[in-house]
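Q: I am in my first year and would like a close look at a single strand of this protein, followed outwards to whatever lies around it. Please take it slowly, and give the reasons where there are any.

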Amino acid sequence: MPFRLVSDYQPEGDQAQAIAKLTKSLKAGNAHQTLLGVTGSGKTFTMANLIKNHGKPTLIMSHNKTLAAQLYSEFKNFFPHNAVEYFVSYFDYYQPEAYIPRSDTYIEKDSSINDEIERLRLSTMGSLLTREDTIVVASVSCIYGLGSPEDYSNMMVPVWVGQKLTREEFLNSLVGMLFERNDIAFGRGKFRVRGDVVEVHPAYLDETAIRVEFFDDEVERVTSIHTLTGHTIERLETHTFFPAKQFVTPGDKMKHAMVAIRAEANAQVAKFEKESKLIEAQRLRMRTDYDLEMMAEMGFCQGIENYSRHITGREKGARPYTLLDFFPRDFLLLVDESHATIPQVGGMYEGDKSRKTVLVDHGFRLPSALDNRPLRFEEFMEMTGQRVYVSATPGAFEIVNSRPENKGFIAVKEKDANGKSIALFDLKKARVKPSGNEEPVDHFDPTRRGTALVVEQIIRPTGLLDPVLILRPLKGQIDETIELCRQRVERNERVLVTTLTKRTAEDLSEYLQGTGLKVRYLHSDIDAVERVEILRQLRAATFDILIGINLLREGLDLPEVSLVCILDADKEGFLRNETSMIQTAGRAARHIAGECVLFCDKITDSIQALIDVTDYRRARQQAHNEKHGITPQSVKRALQTSLHTAEKGREYAENLNSSLVAEDVQTYDKLRVIAELEEEMRDASSRLEFERAAHLRDQLAALKNDTPSPAMKPVKYPSGKKTRGRK
């Protein structure tokens with residue numbers, strides 16, 4: 001089935017030449033292509049055209065959930081007739097299993113799963129196995145272990161009208177796919193039975209269930225129904241049921257796995273005893289015996305993923321199955337914001353290995369647990385054939401592999417006094433002064449072949465120039481920021497403010513609220529779905545100013561933002577390096593009055609790089625506009641839908657707006673309270689105060705579900721004001 005791109009726009013500016021060159025390169029079979037596109041130049045639309053022209057299943061990788069959610073929404077609009085799926089980590093809160101030897105502290109795995117994201121992940125796996133027109137927007141979680149696609153595919157159960165199938169056979173198949181029978185609480189991953197009628201709520205559907213009616217040993221009717229009302233939605237001729245969980249294994253494989261697990265446990269226990277590690281031996285024996293009993297009786301155990309090597313029948317050291325295995329071999333990979341995504345892919349393996357090695361050495365896990373891991377970078381490269389890197393600031397890896405013969409570009413590793421490589425940079429840039437202590441970098445990808453390509457996309461379809469840069473002194477930066485914000489609010493425009501720490505973002509948000517401005521903050525402690533909702537409300541003018549740290553950068557599409565304030569811009573480092581500066585300033589590039597104010601007392605190398613890049617781009621953009629008689633205009637774009645359904649989204653907005661409570665003059669909103677409680681829960685867990693952590697977890701659940709909680713009631717005072725109280 002072809003990819004059908006639906007859009008009111010035609011390629012403009014630099015888009016047409018970029019699409020043509022990249023399409024030609026892909027058709028030629030080249031492995032590496034880089035799209036160097038400035039913010040607001042329509043890189044997403046260019047990517048959509050590449051998908052349509054190339055015609056292969058596509059994986060779009062992003063480095064964070066917020067950007068992935070935005071891309072998912074945009075590609076759903078571009079390809080309404082194709083399968084556009086969303087695959088990110090389904091943990092709202094995740095504490096991995098760990099052991100700290102110096103304090104003899106064992107930390108058990110704890111997590112909070114987002115049911116909606118789990119549904120979307122299951123939908124992704126089903127679409128990849130049944131459709132060829134699938135586009136998946138994913139985070140780096142796609143390189144982590146997943147069930148075998150062969151097992152997942154073999155356990156799918158197709159049902160059609162007239163099929164010879166008894167009710168008992170169908171029920172046994174559902175149980176084998178890890179569906180649970182529940183005739184009272186009907187939910188995702190469950191089924192209920194009423195005589196010859198079986199109703200199944202697939203885990204990948206939201207408010208739709210499938211009703212299968214039997215007559216003797218034959219399927220008489222298949223219909224889709226609404227899960228709440230039971231009303232028929234439509235009659236179906238056939239329906240394929242997918243497993244209810246991401247990790248499923250046939251019974252015979254599980255039996256063989258249990259034998260292999262027992263054998264490995266016996267060998268490891270004998271090794272510990274030989275080394276006089278009796279505590280470790282006893283610990284491992286008890287853990288493994290308990291897990292095997294649970295697997296025999298229940299079909300699963302806590303932490304069953306640590307036995308994935310045996311369950312899937314892989315060899316020692318073999319790479320795990322991941323989402324990439326569900327794709328055909330010739331799929332297309334688009335790496336969005338590649339300067340951040342590629343390093344993230346490369347850094348996952350070592351951190352996971354370090355933590356699990358400690359667990360294995362001290363008898364908490366079998367050595368095979370080390371094979372439950374993310375992909376190594378070289379494995380990731382082997383599994384991806386053709387790649388397009390997309391970024392306004394591509395890194396050394398992308399450029400080195402995408403430039404034909406590296407002409408005009410020298411990538412080097414700088415060495416410290418001990419000869420250890422510490423950084424990558426480009427000698428072509430005049431501000432880098434070679435010290436003689438460098439070495440050339442070899443090609444990162446040994447499979448690189450043919451002519452590669454780097455395509456610039458600097459001219460915007462709207463004719464907009466890069467934002468104007470304004471430098472202000474550090475002294476009085478808060479007062480100056482307040483005044484600048486007031487000016488923009490009066491013009492019904494939005495403002496982004498970036499700080500260096502979470503605490504500063506929260507305190508500044510509270511301070512600005514006290515001046516009468518409508519402010520919120522955004523950082524990593526706020527979960528993925530709520531981050532998307534915050535950004536939507538900024539665009540909808542529910543509030544005017546958003547304060548953040550490192551999330552207000554790559555890919556955020558906020559056309560209403562006309563001002564970006566970078567506080568402490570001369571504090572050179574990760575948050576104020578060249579890439580960060582260019583990306584942050586680019587958030588104001590979608591508004592005709594776009595400006596970026598940098599508060600600094602000195603011009604660092606990163607600030608100078610931003611100035612140089614901005615001057616170069618503005619000169620090219622201005623020349624193009626004058627040549628073609630283009631009048632710049634701000635981007636106009638409808639509000640994107642969030643991960644909630646439309647109905648849930650309305651309810652969420654209503655609840656959010658009505659959730660404001662007050663304590664004296666200070667104003668607290670629902671998201672702030674949630675963020676505070678989540679931080680307290682993590683602190684309690686790290687101090688091993690598990691009862692308090694569980695108590696805070698229950699408060700969070702009550703608050704998120706908008707249900708009354710005895711642990712968090714508004715307390716009324718004689719003045720009529722309300723405050724939040726805690727037990």
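A: In the protein chain, residues 24 or more positions apart account for 72% of the contacts with a separation of 6 or more, and it helps to keep that in mind while looking at one strand and its surroundings. The model is a predicted one, with 20 helices and 32 strands in the protein chain, and 52% of the 727 residues count as buried.

The strand to look at closely is β18, which covers residues 386–391. Six of its six residues are buried, so β18 is largely enclosed by the rest of the structure. The enclosure can be followed on both faces: Gln386, Val388 and Val390 are buried on one side, while Arg387, Tyr389 and Ser391 are buried on the other.

Next come the strands that pair with β18. Strand β1, made of residues 32–37, runs parallel to β18 and is joined to it by five bridges, and one place to look is Leu35, whose bridge partner in β18 is Val390. Strand β17, residues 332–336, is also parallel to β18 and also shares five bridges with it; here Leu332 stands opposite Gln386.

From Leu35 the path leads on to a helix. Thr46 lies in helix α2, and, once neighbours within four places in sequence are set aside, Thr46 is in contact with Leu35 as well as with Gln15, Ala18, Ile19 and Gln457. The relative accessible area of Thr46 is 0%, so Thr46 counts as buried.

Just beside Thr46 in the sequence is Phe45, which brings in the aromatic rings. A search of the whole structure finds 15 aromatic pairs. One of them is formed by Phe45 and Phe78, whose ring centres are 5.8 Å apart and whose planes meet at 40°, which makes the pair tilted. Phe45 belongs to helix α2 (residues 43–54) and Phe78 to helix α3 (residues 65–78), so this pair ties together parts that are 33 residues apart in sequence. Phe45 and Phe78 are both buried, and they belong to one aromatic cluster together with Phe3, Phe75 and Phe79.

The other route outwards from β1 leads to helix α17, because β1 is among the elements that cover the buried residues of α17, along with β23 (468–472), α16 (578–585) and β28 (595–599). Those buried residues are Ser606, Ile607, Ala609, Leu610, Ile611, Thr614, Arg617, Gln621, His624 and Asn625. To read such a list, it is useful to know that an α-helix has 3.6 residues a turn, so residues three or four places apart point the same way. The length of α17 can be checked too: at 1.5 Å a residue, its 24 residues (605–628) should span 34 Å, and its end C-alpha atoms lie 35 Å apart, which agrees. Following α17 is Gly629, with a positive phi near 65°.

Strand β28 then carries the path to helix α13, whose buried residues are covered by elements that include β28, β24 (494–498), α14 (502–514), β26 (545–548) and β27 (561–566). The residues of α13 that are buried are Gln477, Thr481, Ile482, Leu484, Cys485 and Arg488. The 14 residues of α13 (477–490) should span 20 Å at 1.5 Å a residue, and the end C-alpha atoms are 20 Å apart, which agrees. Just after α13, Asn492 takes a positive phi of about 60°.

For a contrast with the parallel pairing seen around β18, one can turn to another part of the model. An open sheet of six strands has the order β10-β11-β12-β13-β14-β15, with mixed pairing. Its edge strands, each pairing on one side only, are β10 (180–181) and β15 (232–236). Within this sheet, β12 (residues 197–201) and β13 (residues 208–215) run antiparallel and are joined by four bridges, with Val197 opposite Glu213 of β13. Helix α6 (residues 167–176) packs on the sheet, where it touches β11 (190–194), β12 and β13, and its direction makes about 20° with that of β12.

To return to where the path began, β18 has β1 as a parallel partner and β17 as a parallel partner, and the residues on both of its faces are buried.

Key:
Residues numbered from 1 in each chain as written. Predicted model: local features only at pLDDT ≥ 70, side-chain atom pairs only at ≥ 80, totals over all residues. Heavy atoms only, no water. Buried < 20%, exposed > 50% of the residue type's maximum accessible area, 1.4 Å probe, protein only. Helix = DSSP H or I, 4+ residues; strand = E, 2+ residues; numbered from the N terminus. Pairing = 2+ DSSP bridges. Expected span 1.5 Å × (residues − 1). Contact = heavy atoms within 4.5 Å. Phe/Tyr/Trp six-rings, centres within 6.5 Å; stacked < 30°, edge-to-face > 60°. Axes fitted to C-alpha atoms, helices over the stretch in contact; angles between N-to-C directions.
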